[in-house]
Amino acid sequence: MPSILLFGVTGLVGCKFLLASHVVLALKEEYPNLPVTVFLRNNALDVYLYETAGVQRIVHGTFDERDKIIALAKEHDVVINVGSSWDVPLSEAIVEGLNQQPETKKKTLMHMSGAGNFVDKRWTDGAFHPEAKIWDDNNPEDMKLINPSMLNGGPDTVILNAGKRGKIGTYIVFPSGIYGEAAGPVPALGVVQLIFREKAKELGFVPYIGEGSAIFNCLHVNAIAPFMLKVLDLALQDDTPQGSVYERCFLIGGEEIPWKNASEAFAKVLHTEGLVPSPQARSVTLEEAGEGELPMLMASNVMFASRRAEKLGYKHNEVGLVEFLSQSR
Ligand SMILES: NC(=O)c1ccc[n+]([C@@H]2O[C@H](COP(=O)([O-])OP(=O)(O)OC[C@H]3O[C@@H](n4cnc5c(N)ncnc54)[C@H](OP(=O)(O)O)[C@@H]3O)[C@@H](O)[C@H]2O)c1
């Protein structure tokens, strides 16, 4: 029975993944009692995690506790990191712990990165450019372009290098912008919904860049857990990982909408919540939008094809972002 160590259980993705994993895996004869350890800094959730989510072991700590993370990774067959796509030392510690296991033992690392890697920065005017690069997860040459200068490229590079050395089966999932509600007791917004709020608070309005026609690919959180379970099935099914590390990268997304439409939908919600005085989004230049990931993402296009993920069964049949936000008002 392979043991699982999960980072990020209280996040938007992690809480859905944990709940879904228990529901779905309980249905599977081959994994009736997959033992799950969770590593989290929140001390108030132990009863929920043991009794409702059914985890076997809880370890409290933060991502900077390197020795603790190494020791835990050394003890588990499968490590799943849906906690941070930015934290290089965290990924290094996970890899180091897995590598301390016996050479011949099977060990797996499933990592959640992000499609923010694939921003085409040749244009930063907020407009749609049909010549923007379309990344293809089924093309290893595209995946070989992943590097530390990309938004999530630091940990990705650590993991891809570890997988290339052949001791760890690595699987990286790159979701686009995630919306939706958290499951469980922690009302996590997730990265994109959080940075929209923070930017609105900073500026006093919800921005978009230029004409706002640049493409924002986004997916509902409910589409993620079923696919992560398919990746887990894939990882568990063979004694040795199949294909190169680049053939174990999966880009997943949903609707492609202009950033202006996303900003307008967020502006209405955040106005209803009393966070901004106007329900209208406002066009600004990249410089006027200030610092941070959101202006960088809004200024350019992210376009990709999920051919490899779709072959594995990925689909997005969820409500779109604008409709989701209008229902949440
Ligand atoms: N949401 C998106 O739009 C999006 C898009 C693309 C990629 N991603 C990536 O997908 C992954 C999951 O995203 P998410 O939206 O679910 O993230 P999230 O809601 O921000 O959750 C992050 C999780 O990591 C934990 N965490 C963060 N820093 C920690 C630290 N220093 N020590 C211990 N725990 C820590 C959080 O714990 P606390 O509850 O204690 O804070 C939480 O459980 C992330 O790697 C993210 O970058 C997200």
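A residue counts as near the ligand here if its C-beta atom, placed from the backbone, lies within 6 Å of it. In this predicted model, 25 residues surround the ligand, and the closest are G11, S85, G114, G190 and V192. By character, the shell around the ligand divides into 12 nonpolar residues, 12 polar residues and 1 charged residue. Several elements contribute to this shell: helix α1 (12-26), strand β9 (177-179) and helix α7 (190-203) each supply at least two of its residues.

With the ligand site introduced, the overall architecture can be described. The protein contains 12 helices and 15 strands. Its radius of gyration is 20 Å, close to the 20 Å that the globule rule gives for 329 residues, so the protein is as compact as a globular protein of that length. Taken along the principal axes, the box filled by the C-alpha atoms is roughly 55 × 45 × 35 Å. Of the 329 residues, 47% are buried. Among contacts with a separation of 6 or more, 80% join residues that are 24 or more positions apart.

One part of the fold is an open sheet of 7 strands, arranged in the order β3-β2-β1-β4-β5-β8-β12 with parallel pairing. Strands β3 (57-60) and β12 (249-252) stand at its edges with a single partner strand each, so one side of each is left without a neighbour in the sheet. From one strand to the next, the twist averages 15°. Within this sheet, strand β4 (residues 78-81) pairs with β5 in the parallel sense over 4 bridges, and V78 has T108 of β5 as its bridge partner. Helices also lie across these strands. Helix α4 crosses β4 and β5, running at about 175° to β4, while helix α6 (residues 153-164) lies across β5 and β8 (169-175) at about 150° to β8.

The link between α4 (88-99) and β5 (108-112) is a loop, and E103 lies in it. Is E103 buried or exposed? With 8 other C-beta atoms within 10 Å, E103 is exposed; the cut-off for this class is 12 or fewer. E103 and I168 are 65 residues apart in sequence, yet their C-alpha atoms are 9.4 Å apart in space.

Strand β9, already met in the ligand shell, also belongs to an open sheet of 3 strands, in the order β9-β11-β13 and with mixed pairing. Its edge strands are β9 and β13 (255-258), each of which pairs on one side only. The twist in this sheet averages 45° from one strand to the next. The pairing of β9 with strand β11 (residues 215-220) is parallel and runs over 3 bridges, with H220 in β11 as the bridge partner of Y179. Helix α9 (residues 259-272) packs on this sheet, where it touches β11 and β13, and its direction makes about 85° with that of β13.

A further set of pairings centres on strand β15. Of the 5 residues in β15 (residues 301-305), 4 are buried, so the strand is largely enclosed by the rest of the structure. Strand β6 (residues 119-120) pairs with β15 in the antiparallel sense over 2 bridges, and D120 stands opposite N301. Strand β7 (residues 134-136) pairs with β15 in the parallel sense over 3 bridges; here W135 stands opposite F304.

Key
Residues numbered from 1 in each chain as written. Predicted model: local features only at pLDDT ≥ 70, side-chain atom pairs only at ≥ 80, totals over all residues. Nonpolar A, V, L, I, M, F, W, Y, C, P; charged D, E, K, R; others polar. Rg over C-alpha atoms; globule rule 2.2 N^0.38 Å. Buried ≥ 20, exposed ≤ 12 C-beta atoms within 10 Å, placed from the backbone. Contact = placed C-beta atoms within 7 Å. Pairing = 2+ DSSP bridges. Axes fitted to C-alpha atoms, helices over the stretch in contact; angles between N-to-C directions.
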